[in-house]
Amino acid sequence: MIYKSKEIQISRFMKKWFNLSINNCQLSIATLAFAMLLGSCSDMLETSSSRQVFDPELNTKTDSVFYAFGVMQAMQQLADQYFFIGEMRGDMVSTTKQYTDNNLRQLADFSATGTNKYDSAYVYYKVINNCNYYLEHRDTTLTTGAVNVVINEYAAIAAFRAWAYLQLGRLYERVPYYTESLTSISQIDDNNFPEYTLEQIVEAETANLKPFAGLSVPTFSTSSINIGTTNWGQSKTLNPALCFIPVDVIMGELYLEVGKYKEAAESYFRYLRNAQSISTTTNKIVAQARGRHWWSEMPSDYDNQKNQTEFGGGNQWSSIFVSSASPLDVVTYIPMAVNYTRGCTTDIPLAFGYDYYSTDRSGSCPQVRELQIQPSDSYYAITDSAGFYYYSLKDQTSVQRTPVCAPIGDGRANILSTGEGEDSTLVWVPKVRNANIILYRNSTIYLHLAEALNRMGYPDAAFCILKDGLSQKVIDYVADGTGDSTRYITPETYNMLRTTIPFLSSENVSRFPADEMQGIHGHGCGAVGGLLSPYQMVIEVGNKMTRLAAQFPDMNITNCKADTINAIEDLLCDEYAMEFAFEGSRFYDLCRIARHKNQDSTYGANYGSKWLASKLDYKQPKVSLLEPKNWFLPFN
């Protein structure tokens, strides 16, 4: 139960969190000491003493709230590193000759050494050590009546630690793993911490999280909090609940990373079921009803009235990225401070051409011409090759109108801002201009669920997430034995969706109403859903197989189920590009998929490595990406 006085107290603290650095001994001493263990920055702590660090008590109902927001501040401090590694090493961006910072350039061409600004395990261990202290000392027996008032908060801190360890496992081959809190120098000097691989991290952290499966994130405040105004006049608010990572989401991410697909799918489903049961807003995001070049390339037979009826109202996809207290589709994000005097700031907007911390009082975020990062040709190749499905004026008399397809590209690319005149070669990315680093969206969870279902052996369920969305409408698509390719859901998959991952069970199906669910490909490609749309699994899979066979001549494609799974996985990877480009997750997704392709022997043990290397060849990497060891950074 949340009392009004507590909400006021937390609101005041949240403002202080963004206004001032948290002067917490655990944050300032133990985490600096841990740098000695990492073998870098050892001069940061020059002392021979073995002082005991005294921290806030954790044995009352409200005191640990301050500690939880201290962990969030540590998350702010790693946000740029997480984002830049994930984006610069992926295939969605390119550097610029004049302006790209050398640290970013080294990430992009895989030449980064331990001296790189963004190669620091320390920032993740700062989160981990503070989580360890909390988990070690928090009294979990506190109740109000019969309600445990601590357990959701405890689970949320455990989720932070699991997320931080997951990032370390992605970045480095082996990392020190510990669950005790380091509060004295002697603990550093006398440590004998084991070094864990990604697989060992996942095994340990999922075991720690299992007792909390199904729990929601804590709601310290029921209202949004104003955290200040930028120098140029934009007021910024946040919803504290969106700063936490749901336990079931991070469990799904951990399992998916190491190829435990069924466990991943179960975790994602558990989150989506519980989120749907308490949701008061629709999941439906209206498609961008235009291509990258806006209306200049729209077909002459485009039925404006019909298409506006279908796609003109509601929440446009681009509205996800506006600065608001409860951003549309966002599950977890790291909101950065509005100016240098109010807390942790970020270099991300400026790298993409937005001077978020400008003192210009123009009323809008100023653009700069010194762009460090631009969308890559690979990004345009994926988005421009997408078909856009729309209702034609030529089909007005039909009761059930059939969409047609025009090769005008994915509408989500329209979010880019292209310069004019002498700036016509410059492109700005408005996704980042509000200084919010998005970790998870509902779309992330659905697409990663699709990845897991596909590798479980249900590629049609994965395609359903792209085309129609998992809802009651799926029942209409059960294969009836007539060979109709539009009825792409097999009886086996239908049964799985009623039992194993039970979206369609009698208990759950009402939580996923057809009028609120949609295929994610429709976010940018129009009318992809339904039996009449030309966007069909057999067509898309066939086209993808043809392109893969041309790209990898040694592939022996026989149209078997393994070929379908591989093709669907590539379709999902393309969807990640269109949906999540410039959000900091691309390289992490590419590496995970490449590992899974390597583990599948269908096309040889190193097919995934060749696949990854081909996507990043344009960057002219300084190391061979055919060697998975070169996907890691030097541990620093």
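Me: At roughly what angle do the axes of helix α14 and helix α19 cross?
Reply: This is a predicted model, where local features need pLDDT (the predictor's confidence in each residue, from 0 to 100) of at least 70, side-chain atom pairs count only at pLDDT 80 or more, and totals for chains, interfaces and linings use all residues. Residues are numbered from 1 along each chain as its sequence is written, and side-chain values use heavy atoms, with hydrogens and water left out. Helices are DSSP runs of H or I, at least four residues, numbered from the N terminus. The axes (lines fitted to C-alpha atoms over the stretch in contact, with angles from 0 to 180 degrees between N-to-C directions) of α14 (residues 442–456) and α19 (residues 561–580) come within 9 Å and cross at roughly 170°.

Me: Is α14 roughly parallel or antiparallel to α19?
Reply: The crossing angle of α14 and α19 is roughly 170°. Angles under 35 degrees count as roughly parallel and over 145 as roughly antiparallel. Therefore α14 is, with respect to α19, roughly antiparallel.

Me: How many residues of the contact of α14 with α19 are charged?
Reply: Contact means heavy atoms within 4.5 Å; among the residues that meet are Glu-451 and Arg-455 in α14 and Glu-569 and Glu-575 in α19. Ala, Val, Leu, Ile, Met, Phe, Trp, Tyr, Cys and Pro count as nonpolar, Asp, Glu, Lys and Arg as charged, and the others, Gly among them, as polar. The contact divides into seven nonpolar, four polar and, as charged residues, five.

Me: Which residues of α9 make the contact with α14?
Reply: α9 and α14 pack at an angle of about 35°, with their axes 11 Å apart. From α14 come Ile-445, His-448, Glu-451 and Ala-452; from α9 come Val-249, Glu-253 and Leu-256.

Me: How many residues of the contact of α6 with α9 are nonpolar?
Reply: The axes of α6 (residues 151–171) and α9 (residues 247–257) come within 9 Å and cross at roughly 25°, so α6 is roughly parallel to α9. The contact includes Ala-155, Trp-163 and Leu-166 of α6 and Ile-250 and Leu-254 of α9. Its residues include no polar ones, three charged and, as nonpolar ones, eight.

Me: Which residue of α9 forms a salt bridge with Arg-270?
Reply: A salt bridge is a side-chain nitrogen of Lys or Arg within 4 Å of a carboxyl oxygen of Asp or Glu. The N to O distance here is 2.7 Å, and the partner of Arg-270 is Asp-248. Arg-270 lies in helix α10 (residues 261–278), so the pair ties together parts that are 22 residues apart in sequence, the α9 member being Asp-248.

Methods: Helices (H or I, at least four residues) and strands (E, at least two) are DSSP runs, numbered from the N terminus. Angles under 35 degrees count as roughly parallel, over 145 as roughly antiparallel, 65 to 115 as roughly perpendicular and the rest as oblique.
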